[in-house]
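Thanks for sending this one over. Here are my notes, set out as numbered points so you can follow along in the viewer.

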Amino acid sequence: MNNMKSIKSLIVTLMLALLISIPMSLRAETSDIEGRWILSLQDDQRLLVGLLEIEKTANDWQAFLEGGPVEINIQKDHIEIVADSRDVRGFVFNRRMTGKIKNNQMNGSYEQEGAAAQKENPGTWSAVREKNEDSGLTLTSSATAGDISGIWTATQELDFRKYTMSLTQSGKDWLEQYLPYYDQPDVRCTSIGLPALATYSFPFEIISSDDRYTFLYEYQAKVRRIWMKKESPSEFMPPSRMGFSVGSWVNGELVIKTSLLDKTIRDFRGELISEDATIEERYTLSADDQTLTAIIIVDDPENYERQPIRRRQWKRNANTEIFPYTCDPDTFYLPMYEDGEFQMYIDRTPFRF
Amino acid sequence: MFRLIKLLIALGCLISDISIAHHSFTAEFTAERTIVLQGQVEEVWFRNPHVRYILKVQNSEGVTENWDLRGSPVVWLARKGWTKDSIKVGDIITAEGYPGHSNRKMLSIIRVTLPDGSILIDRAPE
């Protein structure tokens, strides 16, 4: 009888030990997961790079890619991340990444889910700890100011085009009443401005002068001045969607800080950029001067809980030129009129800017 | 004719290409399927922000419908040699693309086959 009691007691003790030890072992493994990672995703056509932030909540995990929320599931050394994105056409889809965590590294495979015009074959992904001041850009940069003058053609590399961002209540309230397409500035030939303009796939030209860089964007024929020798705008300069930009070369990067912005939307989803937003862009020229890469970070605490990040890459292209761009909003207004939607559009005037 | 349209729609489902958008196509078109239309060009709007063609199409019941075809901006198409003269009023063309949501008679163009058999592709760089 005593033996039976001893056995029962031993079993209970072992079970209790097991119950305690499993979460502890999990905690021991997962405590290494929190923090900032540089996530790289490779398919047969291109490499994407993004900032992955993983945090522990009271009962679970939460994660963010390029400032926007992603689904995350961690079981021991297995990790699964689902990140939404949009393609060049604007169709929204997911990338599902599954893999292992080992020795402070993550790696695995990924596949595209959902309908997208831009099809991706399954590929691989990996993540390493973000180093200090590491923007995730892998190009070798020159130590001093590079010659970025010329015409640049966008590639489809680097940019995750993360679709949803982490919004504040104010940002959510705005998005709730936003009507895609009808409220977007571009469709009625009004400039969308920054940051979107710097991320679109149209070519742009950089002209270098003594005191400034001039960016000529083909899309909507927009001009932008990056001031290198002054720090503030003229007294009466009004806000605009291109804002006021000052630039400086820092460790081989052209760092551009933009303020004095006018209200606009961030991307196709319609998230708001406020007048108080600032934008930091860091442009890096490759050692052979043929590739230009940028990371574009928006700071707008009124609307975003985390800073939205975009990345772009361009190739120097001497064989093209910036084409003229004239815009006729009739292609937007007339179909709306013919479809009987014009009164709805007029009623929504307070929601546009 | 109806069989032809069904065949073209089926073929269209196998085709996927990229054009460029600067606003949310998801608001207007579905990526779930592609369709193919054959008809006569009624109007040509070779302008930014979007090229637009009105195509007169006869449906399976013999009723004529006007479809609103949308393409990339002029600058994008022009760079590939697709000009305002590439498709003219009166041309009989075959257009493949993504249809509008809620059965709206709209098409986001992927490619167009011209009367002489040549093909125009509305495609952004990879």
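**Notes on loops and domains**

1. Let's begin in a loop of chain A: A:Asp289 sits between strand E17 (278-285) and strand E18 (291-299) of that chain. Please keep in mind that this is a predicted model. A:Asp289 is not a glycine, yet its phi is positive, at about 65°. Is A:Asp289 buried, exposed or partly exposed? It counts as partly exposed, because it has 13 C-beta neighbours inside 10 Å, and a residue needs 12 or fewer to be called exposed.

2. Chain B offers another positive phi for you to look at. B:Ser102, also not a glycine, has a phi of about 55°. You will find B:Ser102 in the loop that runs between strand E4 (92-99) and strand E5 (106-113) of chain B. B:Ser102 has 7 C-beta neighbours inside 10 Å and therefore counts as exposed.

3. Next, the cis peptide bonds. In chain A, one joins A:Leu194 and A:Pro195, with omega at about 5°. To find it, go to the loop between helix H2 (169-177) and strand E10 (204-208) of chain A, where A:Pro195 lies.

4. Which peptide bond is cis in chain B? Look at the one from B:Asn48 to B:Pro49, where omega is near 5°. B:Pro49 belongs to the loop between strand E1 (35-45) and strand E2 (52-58) of chain B.

5. Now for the domains of chain A. The domain assignment gives domain 1 as 35-129 and domain 2 as 150-338. Between the C-alpha centres of domain 1 and domain 2 of chain A there are 25 Å. How many residues of each domain are in contact with the other? In chain A, 19 residues of domain 1 are in contact with 19 residues of domain 2.

6. It is worth colouring the side of domain 1 of chain A that touches domain 2 by its elements. Those giving two or more residues to this side are strand E2 (47-56), strand E3 (61-65), strand E4 (68-75) and strand E5 (78-86) of chain A. The largest share, five residues, comes from E2(A).

7. What is the chemical make-up of that side of domain 1 of chain A, in nonpolar, polar and charged residues? The residues that domain 1 of chain A puts on the side touching domain 2 divide into 10 nonpolar, five polar and four charged.

Conventions:
Residues numbered from 1 in each chain as written. Chains lettered and ligands numbered in written order. Predicted model: local features only at pLDDT ≥ 70, side-chain atom pairs only at ≥ 80, totals over all residues. Domains from an automatic or database assignment. Contact = placed C-beta atoms within 7 Å. Helix = DSSP H or I, 4+ residues; strand = E, 2+ residues; numbered from the N terminus. Nonpolar A, V, L, I, M, F, W, Y, C, P; charged D, E, K, R; others polar. Buried ≥ 20, exposed ≤ 12 C-beta atoms within 10 Å, placed from the backbone.
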